[in-house]
Amino acid sequence: MRKRKYQVAVILINYNSSQYTLECVNSIIHQTSPEISFQIIVIDNNSRLGDYQALETLRPRNEIQLFRSKINIGFSGANMMGMQLADAHYYYFLNNDCV
């Protein structure tokens with residue numbers, strides 16, 4: 001079994017709801033114990049361009065990865081895309097309206 005970089009991958013799906021996604025990401029960062037190594041994967045499910053561009057502020061953070069699907073692949077498909085991109089022992093599928 002190969003060594004994973006993180007303990008947990010939090011996978012969030014965004015579809016024209018960047019404000020929720022940004023609040024959720026901030027909540028994860030501030031509420032997660034420093035002893036836990038985690039990554040946040042945000043899959044944008046082909047939102048309007050302006051909504052996607054609002055998420056670009058997440059890019060400079062090393063533990064956050066932002067990907068944009070060229071088509072809306074649905075909630076399940078976007079979660080599976082996030083899972084393929086994760087490098088963690090555990091996956092946490094979280095709705096982006098949770099804080």
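**Reasoning through a predicted parallel sheet**

Biologist: What makes β1, α1 and β2 a right-handed β-α-β unit?

Modeller: In this predicted model, the path from strand β1 over helix α1 to strand β2 makes a right-handed β-α-β unit. The word right-handed applies because, with the strands pointing away from the viewer, such a path runs clockwise. A further right-handed unit is made by β2, α2 and β3.

Biologist: How do you know that β1 and β2 pair, and in which sense do they run?

Modeller: Two strands pair if there are at least two bridges between them. β1 and β2 are joined by 7 bridges, so the pair meets that condition. The two strands run parallel. One of the bridges links Ile 13 to its partner Ile 43 in β2.

Biologist: How many bridges support the pairing of β2 with β3?

Modeller: There are 5 bridges between β2, residues 38–44, and β3, again in the parallel sense. With at least two required, these strands therefore count as paired. Ile 40 has Ile 64 of β3 as its bridge partner.

Biologist: What is the order of the strands in the sheet, and which are called edge strands?

Modeller: The open sheet has 4 strands in the order β3-β2-β1-β4, with parallel pairing. The edge strands are β3 (64–68) and β4 (88–93), each of which pairs on one side only. Neighbouring strands are turned against each other by 20° on average, with direction ignored.

Biologist: Why is strand β2 described as largely enclosed?

Modeller: A residue is called buried under 20% relative accessible area. In β2, 7 of the 7 residues are buried, so the strand is largely enclosed by the rest of the structure.

Biologist: Which residues of β2 point which way?

Modeller: Phe 38, Ile 40, Val 42 and Asp 44 point one way, while Gln 39, Ile 41 and Ile 43 point the other way. Side chains in a regular strand alternate between the two faces of the sheet.

Biologist: What makes the contact between Asp 44 and Arg 68 a salt bridge?

Modeller: The test is a nitrogen of Lys or Arg within 4 Å of a carboxyl oxygen of Asp or Glu. The N to O distance for Asp 44 and Arg 68 is 3.3 Å, so the pair qualifies. Asp 44 belongs to strand β2 and Arg 68 to strand β3, so the salt bridge ties together parts that are 24 residues apart in sequence.

Biologist: Are Asp 44 and Arg 68 buried or partly exposed?

Modeller: Asp 44 has 0% relative accessibility and is therefore buried. Arg 68 has a relative accessible area of 32%, so it counts as partly exposed.

Biologist: How many salt bridges does the structure hold, and which residues form the others?

Modeller: The structure holds 3 salt bridges. One joins Glu 56 and Arg 59 at 2.8 Å, and another joins Glu 63 and Arg 61 at 2.9 Å. Both distances are within 4 Å, so the name applies to each pair.

Biologist: Why is Glu 63 called buried?

Modeller: Its relative accessibility is 19%, and the limit is under 20%, so Glu 63 counts as buried. Its partner Arg 61, with a relative accessible area of 38%, is partly exposed.

Biologist: Which value sets the phi of Asn 16 apart, and where does this residue lie?

Modeller: Asn 16 has a phi near 50°, a positive value in a residue other than glycine. Most residues other than glycine have a negative phi. Asn 16 sits in the loop between β1 (6–14) and α1 (18–31). Asn 46 also has a positive phi, of about 65°, although it is not a glycine. Asn 46 is placed in the loop between β2 and α2 (49–54).

Biologist: Why is Asn 46 called partly exposed?

Modeller: The label covers values between the 20% limit for buried and the 50% limit for exposed. Asn 46 has a relative accessible area of 32%, so it falls in that range.

Biologist: What makes the link between Asn 14 and Thr 21 a polar contact?

Modeller: A polar contact needs suitable N or O atoms within 3.5 Å. The side chains of Asn 14 and Thr 21 meet at 2.7 Å, so the distance satisfies that limit. Asn 14, in strand β1, also has a side-chain polar contact of 3.3 Å with Ser 47. Asn 14 is buried, with a relative accessible area of 0%.

How values were computed
Residues are numbered from 1 along each chain as its sequence is written. This is a predicted model: local features need pLDDT of at least 70, side-chain atom pairs count only at pLDDT 80 or more; totals for chains, interfaces and linings use all residues. Side-chain values use heavy atoms; hydrogens and water are left out. Axes are lines fitted to C-alpha atoms, for helices over the stretch in contact, and angles run from 0 to 180 degrees between N-to-C directions. Buried means under 20% relative accessible area, exposed over 50%, partly exposed in between (1.4 Å probe, protein chains only). A salt bridge is a side-chain nitrogen of Lys or Arg within 4 Å of a carboxyl oxygen of Asp or Glu. A polar contact is a pair of N or O atoms within 3.5 Å; within protein, one must be able to donate a hydrogen and the other to accept it, and residues adjacent in sequence count only if both atoms are side-chain atoms.
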